[in-house]
Amino acid sequence: MAAHRKPKQRPYTGPAARTAATLAVAGAATAAALPGPAHADPQRTPAQVKSEVDRLYHDAEVATEQYNGAKEKATAAEGALDTLRDEAARRTERLNASRAALGSFAAAQYRTGGLDTSVQLALSSDPDQYLERAAYLDRIGDRQAAALDKVRRQVAQIATLRAQAKGKQAALAARQADLKKHRATISAKLAEAQRLLARLSPPERTAYEDSDHGSPGRADRSTARGPVHAPNARAAAAVAFAYGALGKPYVWGATGPSSFDCSGLTQAAWRSAGVSLPRTTYTQINAGRRVSRSELAPGDLVFFFSGISHVGLYIGNGQMIHAPRPGAPVRIAPIDQMPFAGAARVA
């Protein structure tokens with residue numbers, strides 16, 4: 001049987017050779033232009049950069065509210081853990097005192113030799129005196145039994161407290177892990193936003209930093225404030241606080257007095273009026289009575305985006321005071337510049 005061999009490939013000649021050479025040069029040029037499998041990002045226009053930066057800032061704000069919620073829960077878990085530890089320490093002190101008393105009973109019993117009552121009666125020269133002493137010894141025995149039962153109960157209670165503390169410790173560790181995750185997300189989003197902003201020319205970047213999605217520039221604290229017409233004294237106090245915060249920087253996680261994030265500002269404003277609000281946007285919306293957009297009055301909380309990730313304080317005439325984002329300090333802005341999600345009246 002004849003062996004099968006691959007037919008020899010003939011070298012290209014003539015036009016075929018020229019075509020192959022052209023393709024080889026083109027392929028080499030393409031390979032040089034695109035090192036590796038990754039392709040360079042297409043150059044974004046300034047408008048595209050601004051749009052992407054807005055998205056990153058919004059994502060960072062969502063993560064900020066999640067961070068605020070995790071921090072609030074971590075603080076509560078830490079407080080509960082401290083309370084349990086303090087209670088366990090107090091009960092341990094009482095247990096030690098009970099054990100000391102029980103030890104004194106045991107020592108006294110050891111010193112008396114623990115004789116059987118019938119033997120003690122037989123050896124006594126005065127049966128009446130013995131009976132008096134026997135009654136006393138019975139009372140001592142009852143006290144000793146009660147002390148022992150008390151120690152047992154205290155040991156069980158301390159074991160329960162320690163088990164609860166262990167659970168709180170695990171909850172605290174989980175909250176701290178959440179904090180770390182949200183902090184990393186926020187930092188990454190803000191760093192990417194700054195990287196994109198660096199692509200803009202100085203005038204373009206200045207225009208972006210001084211704008212708030214097309215709203216007027218920074219509100220002048222001395223001229224922006226007008227008379228505060230609010231439905232009650234508490235709402236007026238909250239609005240007055242917000243006016244006093246104009247121009248202060250946005251810092252994620254901040255609740256004042258020198259800087260704020262969006263829910264930190266509204267919380268601080270109402271705290272100045274004697275009203276305690278929860279920490280996050282998605283809990284603040286449930287802190288009062290829901291009102292429609294047409295019912296808005298100064299002091300109402302106004303919320304934005306489908307995830308309830310931003311909040312401002314309504315001041316009337318379709319305007320609010322809010323802490324927008326990094327680089328944009330507390331300012332007055334129209335409420336129609338963002339997707340309206342709802343409103344709540346606190347007081």
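Which residues does leucine 301 touch, not counting residues up to four places away in sequence? In this predicted model, local features need pLDDT of at least 70, side-chain atom pairs count only at pLDDT 80 or more, and totals for chains, interfaces and linings use all residues. Residues are numbered from 1 along each chain as its sequence is written, and side-chain values use heavy atoms, with hydrogens and water left out.

Leucine 301 touches Thr266, Trp270, Leu277, Gln284, Val311, Gly312, Leu313, Gly342, Ala343, Ala344 and Val346; contact means heavy atoms within 4.5 Å. Leu301 and Phe303 point one way from strand β2, whereas Val302 and Phe304 point the other way, and all are buried (under 20% relative accessible area, with exposed over 50% and partly exposed in between; 1.4 Å probe, protein chains only). In a regular strand the side chains alternate between the two faces of the sheet. Helices (H or I, at least four residues) and strands (E, at least two) are DSSP runs, numbered from the N terminus.

Strand β2 pairs with two strands, as tabulated; pairing requires at least two DSSP bridges.

| Partner of β2 | Sense | Bridges | Opposite leucine 301 |
|---|---|---|---|
| β3 (residues 310-316) | antiparallel | four | leucine 313 |
| β6 (residues 340-345) | antiparallel | four | alanine 344 |

β2 and β3 form a hairpin with five residues between them, and phenylalanine 305 in the turn has a positive phi of about 75 degrees.

The largest nonpolar core (buried Ala, Val, Leu, Ile, Met, Phe, Trp, Tyr and Cys residues joined through side-chain atoms within 4.5 Å) has 30 residues, and Leu301 is among those with the most contacts inside it. α7, α8, β2 and β3 each supply at least two residues of this core.
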